[in-house]
Amino acid sequence: MEAVIHHPATGAAAFSPCSPPESLFSRRITDLPRRSKPDISSFLSPSKPKTKPQNLRLSPQFLPSPSISPSKSPPLDLPLTSEPSIKTDLPSNDYSHLLLLSARYGDVELAKAVHASIFKHEEDTYLSNALIVAYLKLGRIDFAHRVFKNMSSPDVVSYTALISDLAKSNRENEAIELFLEMRGSGIEPNEHSFVALLTACIRLLNLELGLQVHAFVLKLDFLGSTYVVNALMGLYSNCGCLNFVIELFYDMLVRDIVSWNTVISSLVKKGMCDEAFESFRDMLRIDGFRVDYFTISSLLASAAAAGRSGMTEGGEIHACAIKLGFESNLSVNNALIRFYTKRGSVEDVKVLFERMPEKDVFTWTEMITAYMEFGLVDLAVQTFDMMPDRTCESYNALLAGYCRNNKGLRALNLFCDMVEEGIELNDFTLTSAINACGSVMQKSTSEQIHAFILKFGCARNSHVEAALLDMCTWCERMADAENIFLRWPKDWERTIVLTAMICGYARNRQLDQAISLFCQGQSEESFVLDEVVATTMLSICGLLGFCKFGEQLHCFSIKYGLLSDTKMANATISMYAKCGRMEAAIKVFDAMLVHDTVSWNSLLAGHVLHRQGDEALAVWMKMESLGVQPDTVTCLFIISAYRYTGSDLIDCCHRFFSSMESRYQIKPTSEHYANLVGVLGHWGLLKEAEAIILKMPFVPKAAAWRALLDSCRVHQNAAIGKRVAKEILHVEPQDPSMFILKSNLYSASGRWHCSDTVREKMREKGLRKFPGQSWIIHQNRIHSFFARDTSHPQSKDIYSGLQILLLECLKAGYVPDTSFVLHEAEEHQKKDFLFYHSAKLAMTFGLLMTKPGKPVRIFKNILLCGDCHTFFKNVSVVTKREIYVRDSSGFHCFSNGKCSCKDQW
Ligand SMILES: [Zn+2]
Ligand SMILES: [Zn+2]
């Protein structure tokens with residue numbers, strides 16, 4: 001057992017914030033030792049008992065405490081001493097029995113009368129203890145303390161009764177002090193004292209003290225007590241030390257249902273569902289226990305959290321609950337609602353709710369959560385309105401549900417109502433409100449909420465502060481975010497703030513800062529790389545084409561077992577595809593055990609990015625044969641794939657497009673139309689494409705026109721081109737450069753760690769506009785260039801290198817082309833402007849820095865212009881090098897004077 005105490009570190013970092021399982025302990029602690037139980041009937045006075053059923057249900061801390069002046073001692077303001085039915089010289093057994101009765105019937109007057117009577121006699125420790133217990137049960141804590149203080153020699157029972165009560169009344173530290181006082185006066189604790197003390201440790205989540213108590217338990221040889229061991233297990237379970245729980249459990253001499261329940265619920269908390277069910281079967285097999293509602297509820301929670309297997313196991317537990325007669329048990333039913341919310345359908349949940357004979361505030365709150373999870377916001381609100389009572393948890397469920405369903409404004413309105421109505425606001429409420437604010441993306445609202453939270457005085461808490469930081473990054477307040485980051489206290493958790501800041505930089509396209517902060521974080525010991533940061537970093541690598549870094553992250557995630565997470569694997573596929581490493585992307589895909597729609601979409605997106613239409617369609621065929629349901633993103637890529645097929649498959653494309661709604665219940669959006677227009681335009685069907693736009697069931701957005709404009713440029717159809725250009729200017733008079741739309745379309749599958757709706761909003765608001773920029777990764781550094789950029793330290797070499805290249809190419813027949821001005825974002829018509837485009841600068845730098853014969857890989861955030869395209873073809877001839885360029889349309893590979901896009905991009 002020594003070893004058990006000496007390695008607390010395993011669990012120390014994983015404190016679970018949930019409250020201690022009161023039910024495990026309360027029923028025993030109050031059950032203090034009593035002596036003989038004489039027949040009570042003869043002592044019942046005619047007027048007693050006064051039955052007060054409403055009090056019988058309440059635990060002591062909910063009852064009003066008496067306010068009495070401290071000078072009065074003993075607290076007898078009662079005339080009841082003279083009540084005739086109580087004889088003044090009863091034997092002590094009878095007194096104690098009366099006290100039991102007073103507690104049972106919630107009759108304070110009776111207890112006071114007994115107290116007055118006892119007070120006249122010689123001090124009797126046994127009776128004083130009975131009085132303390134009675135007062136505690138009646139919720140008269142101060143009376144109990146007064147009796148205790150007047151005792152000349154309190155014993156272990158007196159102390160324990162009070163310690164236990166303090167521990168459960170949010171006065172845990174006083175409980176611990178009283179325990180120490182007891183020890184100081186030389187009284188040895190009994191098993192109940194230990195249970196009481198451990199209850200305090202559990203509620204404080206004080207593992208350190210708990211370990212000391214454990215050592216003390218060992219010393220006094222109390223490990224044979226089932227109660228004590230159960231309490232120890234409860235402590236370790238709540239502090240996340242599963243190993244200790246299991247070790248104690250296996251060494252137990254006698255187990256009871258609480259021991260089994262504790263071990264099962266500890267396994268559930270750690271997400272070890274299979275083990276939890278295994279233990280459940282052992283429980284039935286080895287000890288032959290009849291499960292109780294607590295066992296059923298924890299197992300249902302486990303099944304709800306489990307993956308695929310959860311459904312079957314949860315169903316078994318449900319059947320078991322019915323068999324054992326728990327069908328109408330409230331807490332079992334509440335757990336069932338949660339289970340069917342996660343693993344079932346909304347119909348299951350509804351039926352369950354309607355059949356429940358008894359409902360409490362938790363039931364109603366679970367229903368709100370359930371409807372919100374199913375996206376049925378209005379039903380959730382109806383349920384909320386119908387609730388007979390509401391707690392702050394009910395409000396929080398509604399608030400969190402709004403956030404979950406992207407109803408940021410409604411969430412904020414509810415929050416304002418909560419403030420006005422004086423509903424208790426906890427950390428959860430505040431973080432939800434902050435998150436809602438972040439999703440609304442309004443700077444001024446976010447400033448108001450921020451000010452409120454500072455004023456509310458709750459901001460000095462790492463979770464709330466991290467949420468505030470995150471909100472700032474969503475609302476164009478990067479300086480405020482950085483401020484919070486810099487002021488972050490040293491003793492607070494680092495990972496949470498590093499994660500928020502890295503993602504914030506990524507979101508605001510400050511990729512350099514994101515990378516350097518990530519590297520800084522990695523050098524810090526306390527930084528834990530989790531899926532959120534890893535996926536964010538992977539998407540940055542993909543965006544930048546930073547393949548080496550991406551590979552490192554891939555290795556890292558294999559090492560730390562993160563790759564089993566589907567989202568992580570999806571992000572890795574996307575990263576490799578965007579870095580031009582399609583084979584690696586396919587490898588990751590093939591190694592995955594489970595594919596979700598995003599996995600398939602990432603693969604499709606990769607092929608489309610590489611202009612591999614036939615490969616993309618092969619993936620789609622596989623999806624169909626496996627019965628994978630496409631989503632709206634899948635459809636976008638399938639349509640686009642027809643643009644890059646080896647032969648014209650326009651008819652198939654049309655067939656797919658028209659089957660979207662009938663076969664897959666996906667209504668084509670303007671993006672789907674734009675892609676279809678792109679496909680038709682690509683194959684030269686410009687008139688047909690124009691007709692499609694004009695026949696669209698809604699007002700065409702610029703994207704569709706722009707897709708057609710691209711085709712007009714490629715097929716040099718100036719007549720239609722001019723018409724289209726006019727339309728674009730009409731739709732978007734103030735923003736004629738909407739290339740970003742196209743690039744976003746491709747990154748949509750990469751899941752930039754923000755929801756599609758938010759991205760849509762960003763786009764609509766035009767919050768993010770980027771000038772044309774090209775970059776190249778050299779020796780793990782990003783070298784980026786704008787047009788006519790001279791800020792690079794080797795700028796002189798680059799410009800003279802480019803001069804030489806230009807001359808060489810001109811000699812080889814390159815003709816600078818200024819004819820397609822329509823599509824230029826960064827360029828001017830002038831020739832010398834054309835010569836110093838960002839892509840040309842980045843490419844020249846690449847040629848200068850790499851060995852002859854090696855390929856050069858550059859990236860551009862918008863579409864490559866036609867002149868650069870022609871120029872690169874010539875460069876591939878004069879330098880005998882391969883040049884890879886990824887622009888917003890996908891990959892180009894220039895080799896021997898030709899481009900892999902066949903000049904159609
Ligand atoms: Zn150019
Ligand atoms: Zn090309």
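Helices (H or I, at least four residues) and strands (E, at least two) are DSSP runs, numbered from the N terminus.

## Basis of the model

This is a predicted model, in which local features need pLDDT of at least 70 and side-chain atom pairs count only at pLDDT 80 or more, while totals for chains, interfaces and linings use all residues. Residues are numbered from 1 along each chain as its sequence is written, chains are lettered from A and ligands numbered from 1 in the order in which they are written, and side-chain values use heavy atoms, with hydrogens and water left out.

## Repeats in the UniProt record

The unreviewed UniProt entry lists "repeat: PPR" at residues 155–189, 256–286, 360–390, 391–425 and 596–630. UniProt positions are given in the numbering used here, feature names are shortened, and annotations may be inferred rather than shown by experiment.

Residues 360–390 are 74% helix and 0% strand, with end C-alpha atoms 10 Å apart. For residues 155–189 the values are 74% helix and 0% strand, and the end C-alpha atoms lie 10 Å apart.

## Helix α9

Helix α9 covers residues 156–168, which is 13 residues. From first C-alpha to last it reaches 18 Å, close to the 18 Å expected at 1.5 Å a residue; the expected span is 1.5 Å times one less than the number of residues. Because 13 of the 13 residues of α9 are buried, the helix is largely enclosed by the rest of the structure. Buried means under 20% relative accessible area, exposed over 50%, and partly exposed in between (1.4 Å probe, protein chains only).

At the N-terminal end, D155 caps α9, with a side-chain oxygen 3.1 Å from the backbone nitrogen of V157. A polar contact is a pair of N or O atoms within 3.5 Å; within protein, one must be able to donate a hydrogen and the other to accept it, and residues adjacent in sequence count only if both atoms are side-chain atoms. After α9 comes N170, with a positive phi near 60 degrees.

## Two zinc ions

Donors are N, O and S atoms within 2.8 Å of the metal (3.2 Å for Na, K and Ca); water is not among the atoms, so sites may look incomplete. The zinc ion (ligand 1) has the protein donors H837 (ND1), C865 (SG) and C868 (SG), at 1.9 to 2.3 Å. Their spacing in sequence is H-x27-C-x2-C. H837 sits in the loop between α46 (831–835) and α47 (838–849), and C868 in helix α48 (residues 866–878), so this pair, 31 residues apart, links distant parts of the chain. H837 is buried, with a relative accessible area of 0%, and C868 is buried at 0%.

The zinc ion (ligand 2) has the protein donors H869 (NE2), H892 (ND1), C899 (SG) and C901 (SG), 2.0 to 2.2 Å away. These donor residues follow the spacing H-x22-H-x6-C-x1-C. The arrangement is tetrahedral because the four donor atoms subtend angles of 102 to 116 degrees; for four donors, tetrahedral requires all angles to lie between 85 and 135 degrees. H892 and C901 are both buried.

## Cysteines without disulfides

A disulfide is a covalent bond between the sulfur atoms of two cysteines. Here a disulfide is counted when a pair of cysteine sulfur atoms lies within 2.5 Å, and the whole structure has zero. The closest cysteine sulfur to that of C579 belongs to C547, 4.3 Å away, which is too far for a bond. C579 is buried, with a relative accessible area of 5%. C652 is also in no disulfide, as its nearest cysteine sulfur, in C653, is 8.6 Å away. C652 is partly exposed, at 28% relative accessibility.

Terms used:
Tetrahedral: all angles 85-135°; square planar, octahedral: opposite > 155°, others 65-115°.
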